[in-house]
There are 2 protein chains.
Amino acid sequence: MTTKVLPLLEPEAVAACCPPLSERPLTAEEAERTAVMFKALGDPVRLRLFSAVASHEGGEACVCDISDVGVSQPTVSHHLKKLKDAGLLSSERRGTWVYYRVEPAVLAAMGALLTRAGSA
Amino acid sequence: MTTKVLPLLEPEAVAACCPPLSERPLTAEEAERTAVMFKALGDPVRLRLFSAVASHEGGEACVCDISDVGVSQPTVSHHLKKLKDAGLLSSERRGTWVYYRVEPAVLAAMGALLTRAGSA
């Protein structure tokens, strides 16, 4: 069984992207880049899948682990790919299955966007 | 000039909604409720407008203050209403203009969703 690490998006680029939303107005370019991440979580099924991966034992999950969100396995795969394209998940094929894992840096960057600039 | 405070959504309800996404899988109901907020920020123009309001002097802004995002004033109003419907902004009419303000509790709740359960 070979292990193939799929190319990842660069979480550092996202992390370095943007100040808190309350610090100054985002530029058009910053908004384009950041909206992609929020949009990826703006769907109930994707949000549940993301949460299922993020909370799964060991911090990773394959499609085979996530079957209780009421949609078919191809639909699950489709949504996981969208989360990956948005940079929120990374993936790694091991044998038959692709395992998904949350990108902590991207999650932290999104959280930082939502903090209040300056004060609490 | 009369001051009319428009009804607000209940930020407490949102704040109390959900644990961090990495703590346990969200239920369908939690995901439905939470996805609305992420979806509202999942559009570049809305994200810029939200950032413009959040970073505006005094923490509030009217349509008259936000004219540099490259869309028409009716479009700005439309997007501000969507942000309000999602619970991210509150509004208050004062004379001719409606002033928008960020709901800090909702922002904090979204930030909390994105924190890592248990550890950093």
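Begin by selecting both chains of this predicted model and superposing one on the other: chain A can be laid on chain B with an RMSD of 0.0 Å, by a turn of 180° combined with a shift of 0.0 Å along the axis. The two copies are thus related as by a two-fold rotation axis. The same surface serves both of them, since 100% of the contact residues of chain A recur in chain B.

Next, hide chain B for a moment and color chain A by secondary structure, where five helices and four strands should appear. Followed from the N terminus on, the elements of chain A run in the order β-α-α-α-β-α-β-β-α. If you then color chain A by accessibility, buried residues make up 46% of its 120 residues. Among the contacts in chain A with a separation of 6 or more, 62% are accounted for by residues 24 or more positions apart.

Now bring chain B back and select the residues on either side of the boundary, where 31 residues of chain A are in contact with 31 residues of chain B. Between them, chain A and chain B bury about 2600 Å², and 72% of that area lies on carbon and sulfur atoms. Which elements of chain A give two or more residues to the side that touches chain B? Select helix 2 (28-40), helix 3 (44-55) and helix 5 (104-113) of chain A, which are the elements that do so. The largest share of this side, eight residues, comes from helix 3 of chain A. Colored by class, the side of chain A that touches chain B shows 17 nonpolar, seven polar and seven charged residues.

With side chains displayed, look across the interface of chain A and chain B for polar pairings: the rule finds eight residue pairs in polar contact, counting pairs with both residues at pLDDT 80 or more, whereas the rule finds zero salt bridges across this interface.

For a last stop, center the view on B:M110, which lies in helix 5 (residues 104-113) of chain B. Is this residue, B:M110, buried or exposed? At 0% relative accessibility, B:M110 counts as buried. Leaving aside residues up to four places away in sequence, B:M110 touches A:F38 and A:L114 from chain A, together with B:M37, B:F38, B:L41 and B:L88 from chain B. To finish, draw a distance from the C-alpha atom of B:M110 to that of B:G42, which is 68 residues apart along the chain, and the separation comes to 13 Å.

How values were computed: Residues are numbered from 1 along each chain as its sequence is written. Chains are lettered from A and ligands numbered from 1 in the order in which they are written. This is a predicted model: local features need pLDDT of at least 70, side-chain atom pairs count only at pLDDT 80 or more; totals for chains, interfaces and linings use all residues. Side-chain values use heavy atoms; hydrogens and water are left out. Contact means heavy atoms within 4.5 Å. Buried area is the accessible area (1.4 Å probe) that two parts lose on being put together, summed over both. A salt bridge is a side-chain nitrogen of Lys or Arg within 4 Å of a carboxyl oxygen of Asp or Glu. A polar contact is a pair of N or O atoms within 3.5 Å; within protein, one must be able to donate a hydrogen and the other to accept it, and residues adjacent in sequence count only if both atoms are side-chain atoms. Ala, Val, Leu, Ile, Met, Phe, Trp, Tyr, Cys and Pro count as nonpolar, Asp, Glu, Lys and Arg as charged, and the others, Gly among them, as polar. Copies are superposed by least squares on the C-alpha atoms of residues with pLDDT of at least 70 in both. Buried means under 20% relative accessible area, exposed over 50%, partly exposed in between (1.4 Å probe, protein chains only).
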